[in-house]
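Load the model in your viewer and keep the selection panel handy. We will go from one stop to the next, with a note on what to select each time.

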Amino acid sequence: MTIGSTPPRYRVSIDRDQCMLCERCVEECPYGVFRRNGERMSVNSRQCTACHRCIAMCPRDAINLEEQPVDYRSHPVWTRKVREAIYNQARTGRIILAGMGNAGDYPVIFDRLVLDACQVTNPAIDPLREPMELRTYLGKKPSRLEIRNGGGDDVELVTELTPNLQLETPLMIAHMSYGAISLNAQLSLARAAAATGTFMGTGEGGLHQAIYPYQDRMIVQVASGRFGVDINYLERGAAIEIKIGQGAKPGIGGHLPGEKVCEDVSCTRMIPVGSDAISPAPHHDIYSIEDLKQLVRSLKEATEWKKPVFVKIAAVHNSAAIAAGIARSSADAVVVDGFRGGTGAAPRVFRDHVGIPIEAAIASVDEKLRQQGIRNQVSLVASGGIRESADVAKAIALGADAVYIGTAALVAMGCRVCGTCYRGLCPWGIATQREDLTARLDPDVESEHVANLIQAWTLELSELMGAAGINSIESLRGNRDRLRGYLLDEGILRVLDVKPVGA
Amino acid sequence: MCGIIGVIDRGRKEMDGTQIRRALAQMNERGSGEGAGYAVYGCYPEYRDCYALHVFFDNIHENKKEVDDLLEQWGRIVHEGQIPTYDQPNLRKIHAPWRYFFKPDRSLMSWSPSPEDDIVTHLVMRINTDHRGALVISSGKNMGVFKASGWPEEVADFYRIQDYRGYLWLGHNRYPTNTPGWWGGAHPFNLLGWSVVHNGEITSYGTNQRFIRSYGYHCTMFTDTEVVAYLIDLLVRKHGLPEKMAVRALAPPFWDEIDAMGERERKLNTAIRLTYGPALMNGPFAIVVANPTMMMGFTDRIKLRPLVAGECGDRLYISSEEAAIRRMEPGVERTWMPRAGEPVIGRVNG
Ligand code: SF4
Ligand code: SF4
């Protein structure tokens with residue numbers, strides 16, 4: 001069997017009437033698809049990843065791209081995907097890597113949930129005329145307040161509140177490390193978070209000096225590799241997040257190939273240049289919930305109980321019980337990452353087959369915490385597969401306090417979800433460290449794009465709330481009465497505790 | 001829509017039900033003749049130490065024994081009997097109203113700081129969630145709720161409300177959208193000493209209901225009003241918040257207002273919103289709640305439902321309409337419109 005035996009995934013073609021031989025495409029495509037050949041451009045489609053960079057940049061709209069230009073004999077069981085995976089593995093004997101989120105053919109539960117609006121009996125609220133409150137506090141809350149009553153207006157608060165993160169909108173930017181993404185990309189995200197009054201995660205890559213001006217908007221991650229973690233790092237962050245798992249690859253660790261570990265990355269990660277950065281599957285000091293509790297406490301002690309500590313887990317079958325265990329530690333928030341969460345690289349078999357969707361995970365975690373009477377004491381953050389403002393509203397109505405957006409923020413900076421992040425050649429300057437490529441991403445421009453996205457979703461969220469007669473995000477949270485399931489089966493409706501449409 | 005009214009005499013001077021019947025009928029434009037009700041405090045002085053349980057039985061022969069057994073298991077029935085009713089041409093009697101005067105056995109819940117209240121709450125939740133043809137509609141001491149499907153005058157005459165006397169009255173004229181015709185769906189709602197009448201719709205019901213459920217309160221009446229009674233019971237009785245602070249939790253100031261407050265006030269209000277966020281009630285409402293020592297009215301944060309207060313001597317009136325107050329007390333000395341979220345509170349003296 002030769003390499004040429006699988007058909008190319010894409011066909012790139014150039015309209016010769018349009019093409020003016022400017023060679024812009026040669027410059028733009030890092031995969032070497034285009035070459036000038038005398039008085040014409042020649043194309044090697046096999047190298048193409050469908051990143052659309054050439055198409056976006058061609059001044060004459062001369063480039064066209066087709067997906068799957070060659071048909072296989074169709075078969076419902078032996079799909080193209082499984083056949084190609086077998087060819088690949090027969091050749092290499094390896095685990096197949098894939099980028100971005102779950103590409104399995106599962107229905108998206110969000111798309112089968114509909115939101116409510118007011119008619120007559122309760123008036124809708126117009127966000128243009130009435131205040132609409134989206135401010136969200138993440139962190140531990142007391143189960144009850146003690147207020148001393150001195151009679152009349154003389155009341156005194158006795159309970160001391162622990163520090164919370166104050167978000168002006170219930171959207172945060174997910175953890176994407178410097179290393180996985182470029183510094184320009186991280187800088188753009190950090191500026192956008194600061195401009196919109198929210199926060200972003202550092203990922204497991206340390207904190208680059210260039211980000212220090214935005215450190216009070218950063219949630220610093222402590223993951224199993226402990227890369228970049230020292231007291232300086234912990235103290236700079238607004239909050240700390242312990243990463244146990246990730247939705248795109250629950251149960252396995254991470255791997256940043258040595259080629260991506262340049263001088264700068266090596267500094268922030270605190271590892272030698274060119275060495276592979278391997279994050280093991282479990283934290284080597286966490287083999288039980290008690291161990292996690294100790295780590296939370298140590299981080300709290302190290303930062304004098306001034307910083308909220310989050311714990312992130314992948315959404316798996318038993319998330320609810322695990323979250324209840326986490327809530328009993330000193331942790332301030334549980335982050336649940338659904339199986340659609342993006343990643344730079346994950347074994348395809350994990351990405352597409354392990355874990356559960358965020359909708360079901362949030363519903364069951366929220367319910368379990370309520371049954372145990374501890375829901376309001378800990379915050380719940382949903383992450384993985386949030387694509388639009390309606391998803392945010394639905395996640396909150398199912399019980400989340402806030403959401404993390406990852407892929408959506410990258411798309412706002414140009415990412416075309418080509419899923420080739422692991423090659424390190426991202427033509428949009430996002431998932432790469434190659435200087436000529438990262439220079440393509442201008443933080444002044446892209447930070448604004450990301451901030452615009454957050455602002456637009458925030459506006460849509462206020463409109464949705466207003467239409468539902470709600471003027472404060474607290475009243476949407478866990479308000480499953482305002483959701484209905486459309487063509488969801490009874491089992492899922494029970495898990496979500498949502499009625500079907502019409503009921 | 002619905003019309004609500006409440007009156008308290010701070011000197012505990014008693015009023016019979018004639019006036020409130022009239023005031024409620026004044027607001028018939030706000031009702032549909034499918035539900036009305038009254039709560040009266042001070043009506044059972046001879047059993048003042050017993051919990052007065054008003055129960056709707058679907059059928060006395062079939063459903064009552066179970067409730068009797070349950071009560072006897074948890075305490076002693078001091079006295080019981082049918083609540084007298086008088087047939088009205090347009091009112092179909094679909095339930096048999098009954099009352100028990102009940103003394104719970106404290107030793108059965110001795111670990112609790114308020115064993116008697118907790119036993120009665122438990123019994124009410126238990127009977128009402130069982131759906132066995134019995135519904136407890138009020139459970140306070142020396143007070144009772146009287147309600148049914150019909151116009152306020154008919155319901156009043158059905159119970160001869162004018163024969164009861166009390167120092168605090170609530171009344172409600174219903175325009176149902178949720179559970180028309182169901183007596184259980186009429187207001188006032190009650191738990192222990194708390195009674196609530198409500199005009200509006202709570203858009204945060206799902207959030208409030210799930211919040212309160214983790215404290216053992218189960219909403220059984222299929223309407224959003226009962227959640228108010230439970231929230232207030234939790235905040236005031238169980239968590240010991242002053243009533244004003246409880247209202248602050250249910251209808252809090254906006255963050256902009258909180259941000260502009262002085263340090264101390266800001267801390268207090270932030271703490272209330274953080275801790276009791278899920279108790280915040282959204283949507284349009286005007287509410288009057290009462291317990292044996294006070295009556296309090298308040299609206300949602302942007303006042304999407306009307307509420308008027310009036311005063312005359314020792315009496316404080318709160319209602320949807322000034323006309324209803326004037327119907328009750330033509331000589332009212334002062335009336336005013338409370339601001340959104342700002343409670344009006346009247347307490348009995350001493
Ligand atoms: S890889 Fe991207 S830039 Fe290169 S040809 Fe394909 S779409 Fe164009
Ligand atoms: S970040 Fe870059 S490489 Fe990754 S999917 Fe987006 S465009 Fe492709």
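The tour below starts with a whole chain, moves to an interface and some helices, and ends with ligands and single residues.

Before you click, note that this is a predicted model, where local features need pLDDT of at least 70, side-chain atom pairs count only at pLDDT 80 or more, and totals for chains, interfaces and linings use all residues. Residues are numbered from 1 along each chain as its sequence is written, chains are lettered from A and ligands numbered from 1 in the order in which they are written, and side-chain values use heavy atoms, with hydrogens and water left out.

**Stop 1: chain B**

Select chain B and show it as a cartoon. You should find 10 helices and 18 strands (DSSP runs numbered from the N terminus, helices being H or I with at least four residues and strands E with at least two). Chain B has a radius of gyration of 19 Å, close to the 20 Å that the globule rule gives for 350 residues, so it is as compact as a globular protein of that length. That radius is taken over C-alpha atoms, and the rule is 2.2 Å times the number of residues to the power 0.38. Along the principal axes, the C-alpha atoms of chain B fill a box of roughly 60 × 50 × 40 Å. Of the 350 residues in chain B, 65% are buried (under 20% relative accessible area; exposed is over 50% and partly exposed in between, with a 1.4 Å probe and protein chains only).

**Stop 2: where chain B meets chain A**

Now bring chain A back. Here 42 residues of chain B are in contact with 44 residues of chain A, contact meaning heavy atoms within 4.5 Å. The area buried between the two chains is about 3,700 Å², and carbon and sulfur atoms give 52% of this; buried area is the accessible area (1.4 Å probe) that two parts lose on being put together, summed over both. On the chain B side, pick Thr203(B), Arg210(B) and Leu274(B): they lose the most area to chain A, together 19% of what that side buries.

**Stop 3: two covered helices**

Select residues 205–213 of chain B, which form helix H5. Eight of its nine residues are buried, among them Tyr205(B), Arg210(B) and Phe211(B). What covers the buried residues of H5(B)? The cover includes helix H10 (358–371) of chain A, along with helix H6 (225–238) and helix H9 (263–276) of chain B.

Next, move to helix H7 (residues 243–250) of chain B, where seven of the eight residues are buried, so it is largely enclosed by the rest of the structure. Met245(B), Val247(B) and Arg248(B) are among the buried ones.

**Stop 4: the ligands**

Centre on ligand 1. Its surroundings include Cys29(A), Cys48(A), Cys51(A) and Cys54(A), each with a heavy atom within 4 Å of the ligand. Then centre on ligand 2, where Cys415(A), Cys418(A), Cys421(A) and Cys426(A) are among the surrounding residues.

**Stop 5: Ala117(A)**

Find Ala117(A) in the loop between strand E6 (113–115) and strand E7 (136–138) of chain A. Ala117(A) is partly exposed, at 43% relative accessibility. Beyond its neighbours within four places in sequence, Ala117(A) is in contact with Ala467(A) and Ala468(A). Try a C-alpha distance to Arg482(A): the two residues are 365 apart along the chain, with a separation of 8.1 Å.
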